[in-house]
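Open the model in your viewer and keep the selection box handy. We'll go from stop to stop, picking something at each one.

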Amino acid sequence: MEKLSTDVLVIGGGATGTGVAWDAALRGLDVVLVERADLATGTSGRFHGLLHSGGRYAVKDPNAAVECAHENPVIRDVAADAVEDTGGFFVTTPFDDPAYADRFAEGCRETGVPCEEIEPAQALREEPRLNPAISRAFRVPDASIDVWKLVWALSRGAQQRGARVLPYHEAVAIHRDGDRVNGARVRNNRTADEIDIEAAITVSASGAWAGQIAAMAGIEGVHVMPGRGIMIAMNHRLVNTVINRCQMPTDGDIIVPIRTVSVIGTTDEGTDDPDDHTVLQSEVDAMLEDGERLVPGFKQARALRVWTGVRPLFEDRKENGGSTVTRDVTRAHALLDHHERDGVSGFLTITGGKLTTYRLMAKDTVDAVCRQLGREQSCTTATERLPGSDLGEEIHIGDRLAMREKHLLEDQLICECELISRGRLEQVIHRRGTTDLDDIRRQLRLGMGPCQGGFCIYRTAGILHTHDGIETEQANRALLDYVAERWKGVWPVLYGDQLRQARLDEWIFQGVLDVGHLQ
Ligand SMILES: Cc1cc2nc3c(=O)[nH]c(=O)nc-3n(C[C@H](O)[C@H](O)[C@H](O)COP(=O)(O)OP(=O)(O)OC[C@H]3O[C@@H](n4cnc5c(N)ncnc54)[C@H](O)[C@@H]3O)c2cc1C
């Protein structure tokens, strides 16, 4: 069996894990990161896309609001290439308690969330689709964040400083020697090969799966309650600003414009299984009704796709004098030093929190790693820009079109919705060395627009097949897997124009290509 040895082994390749790898690598530590699937395929790749200003938590959870208000400008600077400065509004609709608006303004003042009250007429001038009956409006610095760009930049940055990042490697056993954890055995989920990794410190950054990883180390009571939420992507930008209802946080009260679409979310249902991706028709119907409250006519727009994510809600249960005590249930992040908590050294768990606060979570974790290793390097992630963000330029919605128009005749267009050229596609196929079209989708947003891959995916499968060493069967399998995966998100929102689009796609795939009989 192959063996590796490192200072820090990170388990989990979401925003937190890649953030830990980047921070630790910047401090000169040797790092190996393992993720059971592709990077950001856990909660990070299934979230709502909002870089919080803190406004959402200003009344309900002031500590979270303070953290978000602190991190928002930092992330805009160090990860500019992943952020679109959409700005945000909190608006009081006729469905909201009018008294909340003053509490909101006060909460923002107390927690340092930048917030300016504006005339409702001004908000309506900027966002003409908004409910015209809004009575109050506040401007906050919400933004939208492209998590795949963020996570891959963190991973690239860490790798440039020597970290080894291993997607599709799952931790299957944690090595424990008495009261010390000293690494893990991981399995390559593509080849079934196993690797033994010896590590001075093992960090579990496995979000909603943190309880499972702790249990592998023989530590009980790391109870992470997965909170399942659904989101629906609409086929274009119904709004260009993040729109929040000005009320206590509840279901379906935020619309986030992300690249070519806008996304409404979310719900919060307890589940026992972090891999639970159930979507109930009743949730979809309720979410579309919620959209109607913010943007009248919302339901007439075309819903493209629905997906779910699971929040890692941490509840610390620990045996105390024979009885189980629930100490805390929190939405803030939790760093568990298992030496202090359970008498097991060399092992840390970081869970909970929000994507907006991933950097802070990573900083707290690597500070603890350094303390355990007796190293004194301080954190530099608040000022060190990520690869791709060196110029501090944020995403602008027209960037891809402007770039495309410059090279209009030079490169074939493969995905019309997301303006992806053959050259860019081939670069990514080559760099990733994968036939998994879902991995390629996450890198490029391939097939994430209105046709949901209807036109670009068979072209991509053909291009894949022209690459050296990729057999017909592999290209066919890639096409079939992609279509099956996309279908999971499309069927719950099959109505109106999207139903027509789905029928057209079916004629292309079944009627013309006969994919049902591909081998
Ligand atoms: C519906 C919803 C909407 C949200 N919206 C927002 C938002 O708009 N803004 C915001 O700031 N936050 C939002 N959040 C919260 C945010 O998405 C999460 O807090 C954050 O993404 C968690 O990141 P993470 O890296 O800690 O966990 P994850 O991204 O879940 O990463 C953990 C990783 O560990 C991996 N793993 C598990 N077991 C193993 C193993 N045995 N071996 C190797 N790897 C393993 C998993 O595959 C996973 O990729 C939302 C959450 C939900 C559920």
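Which helix and strands each supply at least two residues of the shell around the ligand? Select helix H1 (15–26), strand E10 (169–177), strand E13 (222–234) and strand E18 (303–320): each of them does. Helices (H or I, at least four residues) and strands (E, at least two) are DSSP runs, numbered from the N terminus.

Before going further, some ground rules. This is a predicted model, where local features need pLDDT of at least 70 and side-chain atom pairs count only at pLDDT 80 or more, while totals for chains, interfaces and linings use all residues. Residues are numbered from 1 along each chain as its sequence is written, and side-chain values use heavy atoms, with hydrogens and water left out.

Colour by pLDDT, the predictor's confidence in each residue, from 0 to 100. The protein chain averages 93, and 97% of its residues reach 70 or more. Now pick residues 319–328: pLDDT stays under 50 there, and the model has 16 contacts (heavy atoms within 4.5 Å) beyond four places in sequence for this stretch.

Back to the ligand. Show the 35 residues around it, counting a residue if one of its heavy atoms lies within 4 Å. Thr16, Glu35, Ser44, Leu50 and Thr356 come nearest. By class, the shell has twelve nonpolar, 18 polar and five charged residues; here Ala, Val, Leu, Ile, Met, Phe, Trp, Tyr, Cys and Pro count as nonpolar, Asp, Glu, Lys and Arg as charged, and the others, Gly among them, as polar.

Next, turn on polar contacts, meaning pairs of N or O atoms within 3.5 Å:

- Leu50: a polar backbone atom is 2.8 Å from a ligand nitrogen.
- Arg36: a polar side-chain atom lies 2.9 Å from a ligand oxygen.
- Ala15: a polar backbone atom is 3.2 Å from a ligand oxygen.

Taken alone, the ligand exposes 1000 Å², and the protein buries 97% of that (Shrake-Rupley areas, 1.4 Å probe).

Now select the open sheet E3-E8-E4, whose three strands pair antiparallel; pairing takes at least two DSSP bridges. Strand E3 (50–51) and strand E4 (83–84) are the edges, each pairing on one side only. E4 meets strand E8 (residues 143–145) over two bridges, and the bridge partner of Glu84 in E8 is Ser144.

Last stop: backbone oddities. Most residues other than glycine have a negative phi, and most peptide bonds are trans. Arg259, in the loop between strand E15 (254–258) and E16, has a positive phi of about 45 degrees. Then go to Thr266, in the loop between strand E16 (261–265) and strand E17 (269–270): the peptide bond from Gly265 to Thr266 is cis, with omega near -5 degrees.

Terms used:
Polar contact = N/O pair within 3.5 Å; in protein donor to acceptor, adjacent residues only side chain to side chain.
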